[in-house]
Amino acid sequence: MKVLHVINSLAAGGAEKLVSELVTEQSKTIPVGLFIFNSEANIFEDLIGEKVELIKNKQNNFFSFKTIKLLHKSIKKYDVIHVHLFPAFYLVACLSMFHPKKHLIYTEHNTYNRRRRFYFWPFDKWVYSRYQMIVCISNGVYHSLTNWIGKRQKKIIIPNFVNLDTFQKKLSDSNLITSSPKNIKKIVMVGSFSDQKDQKAVIDILKFLDFEYEVIFIGDGVNIDKLKQYAQQFEFKERVKFLGVQREVPYLLKQCNYGILSSKWEGFGIAAIEYMAAEIVCLATNVSGLNELVLTKENLIEVGDAKAFADRIIEIENNPELKKQILEIQSKTVGNFSLTNATKRHLDLYKTIIGV
């Protein structure tokens with residue numbers, strides 16, 4: 001059994017990082033390839049294990065003839081084609097007409113996308129039908145997709161994961177996140193600066209906290225300049241730090257006190273699990289996907305409610321026993337989302353659809 005994963009790129013993003021780790025782990029037991037359409041800014045490329053056949057499209061273009069030809073040629077060599085993200089999702093579905101014996105799987109990474117408009121529905125449903133199985137990364141994703149394409153399409157839930165080994169390394173002084181005094185409590189948010197995320201609410205938290213707190217953002221995106229301008233309006237602007245895209249996220253998280261994932265919608269919210277793995281208190285917005293992960297319900301805050309985030313942080317900070325209880329619950333939660341478990345479940349799925 002040979003498996004080819006297909007994804008847009010290995011640029012900064014939750015799905016990209018997960019696929020990088022998954023293919024590397026899978027390559028320890030089966031032949032695995034990884035096809036990427038765009039090779040620019042591939043910050044996760046060096047996570048790819050030596051046993052993985054990395055197929056990079058030199059065109060850096062989704063729709064050129066040479067790109068489609070290379071993908072067509074690559075698909076021929078593998079038994080299972082596991083696709084992630086749009087438009088890779090559409091392109092492989094169309095090419096599948098020339099590869100009727102190949103086994104196609106698609107992972108749905110979010111509860112919402114812009115294609116979910118009534119005029120896209122017929123073609124979108126046809127595309128999904130080309131895949132033997134849709135992997136949903138959470139219950140929320142499963143239910144939202146079922147509402148879109150119906151119950152007939154085969155779907156399975158395999159949650160996202162974290163590579164726990166990356167959180168076990170000890171922290172050295174050289175990895176300090178800022179030059180802030182040690183008594184400063186750090187609130188961190190990891191995520192793209194997109195319409196899906198609500199970093200503005202995280203900045204607003206500082207309106208309700210004293211000078212002992214600062215906010216740190218890790219990530220990049222189309223809205224980052226707008227958020228930087230917004231932060232500059234306030235007297236606490238020096239307490240808001242933008243670190244951009246970072247490679248050593250586990251090291252940085254372990255230096256913080258609170259992790260917030262402020263999302264307007266979310267498929268899974270891998271950053272929430274990363275906060276837990278880093279042993280810092282996780283707070284998140286009360287949306288589908290995140291409310292499956294954050295089991296301390298008081299740590300789920302309504303979208304945009306900065307004051308509620310701040311009040312909850314103060315409550316936890318003033319109650320060491322409460323903080324200890326939350327961290328214990330988080331520790332148990334993390335164990336359910338290991339890379340080892342996810343790899344096994346994917347391999348079992350491949351075997352099932354091939355019939356071995």
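**Exercise 1. Find which element gives the most to the lining of the largest cavity, and describe that lining.**

Solution. Start with the model itself: it is predicted, so local features need pLDDT of at least 70 and side-chain atom pairs count only at pLDDT 80 or more, while totals for chains, interfaces and linings use all residues. Residues are numbered from 1 along each chain as its sequence is written, and side-chain values use heavy atoms, with hydrogens and water left out.

Step 1: settle the terms. On a 1 Å grid over the protein atoms alone, a cavity is a set of points where a 1.4 Å probe fits but cannot get out; a pocket is an open set with protein on both sides within 12 Å along at least five of seven lines; lining residues have an atom within 4 Å of a point. Grid points are joined across faces, edges and corners, and a volume is the space filled by probe spheres set on the points. Helices (H or I, at least four residues) and strands (E, at least two) are DSSP runs, numbered from the N terminus.

Step 2: count and size. There are 3 cavities of 30 Å³ or more, and the largest has a volume of about 90 Å³. Its lining has 14 residues, with Leu22, His109, Asn160, Phe161 and His346 closest to the centre.

Step 3: assign the lining. Helix α1 (14-26) and strand β4 each supply at least two residues, and α1 gives the most, with 3 residues. By class there are 8 nonpolar, 6 polar and no charged residues (Ala, Val, Leu, Ile, Met, Phe, Trp, Tyr, Cys and Pro count as nonpolar, Asp, Glu, Lys and Arg as charged, and the others, Gly among them, as polar).

**Exercise 2. Describe the largest pocket and the second largest pocket, using volume, centre and lining.**

Solution. Step 1: the largest pocket holds about 1600 Å³ of space. Of its 48 lining residues, Gly13, Gly14, Glu16, Ser192 and Gln196 are closest to the centre. Two or more residues come from each of β1, α1, β5 and α9, and α1 gives the most, with 5 residues. The classes are 21 nonpolar, 16 polar and 11 charged.

Step 2: the second largest pocket has a volume of about 500 Å³. It is lined by 20 residues, and Glu21, Leu47, Asn163, Asp165 and Thr166 lie nearest its centre. Here α1, α8 (249-253) and α12 (339-354) give two or more residues, with the largest share, 4 residues, from α1. The classes are 7 nonpolar, 5 polar and 8 charged.

**Exercise 3. Work out why helix α3 is largely enclosed by the rest of the structure.**

Solution. Step 1: apply the burial rule (buried is under 20% relative accessible area, exposed over 50%, partly exposed in between, with a 1.4 Å probe and protein chains only). In α3 (residues 88-95), 7 of the 8 residues are buried, so the helix is largely enclosed. They are Ala88, Phe89, Tyr90, Leu91, Val92, Ala93 and Leu95.

Step 2: look for partners. These buried residues pack against β1 (3-9), β2 (32-38), α2 (65-76), β4 (80-84), β5 (103-108) and α4 (121-129).

**Exercise 4. Place tyrosine 275 in its helix and list its contacts.**

Solution. Step 1: tyrosine 275 lies in helix α9 and is buried, with a relative accessible area of 0%.

Step 2: leave aside neighbours within four places in sequence. Tyrosine 275 is then in contact (heavy atoms within 4.5 Å) with Val188, Met189, Val190, Leu253, Gly259, Ile260, Leu261, Ile280 and Cys282.
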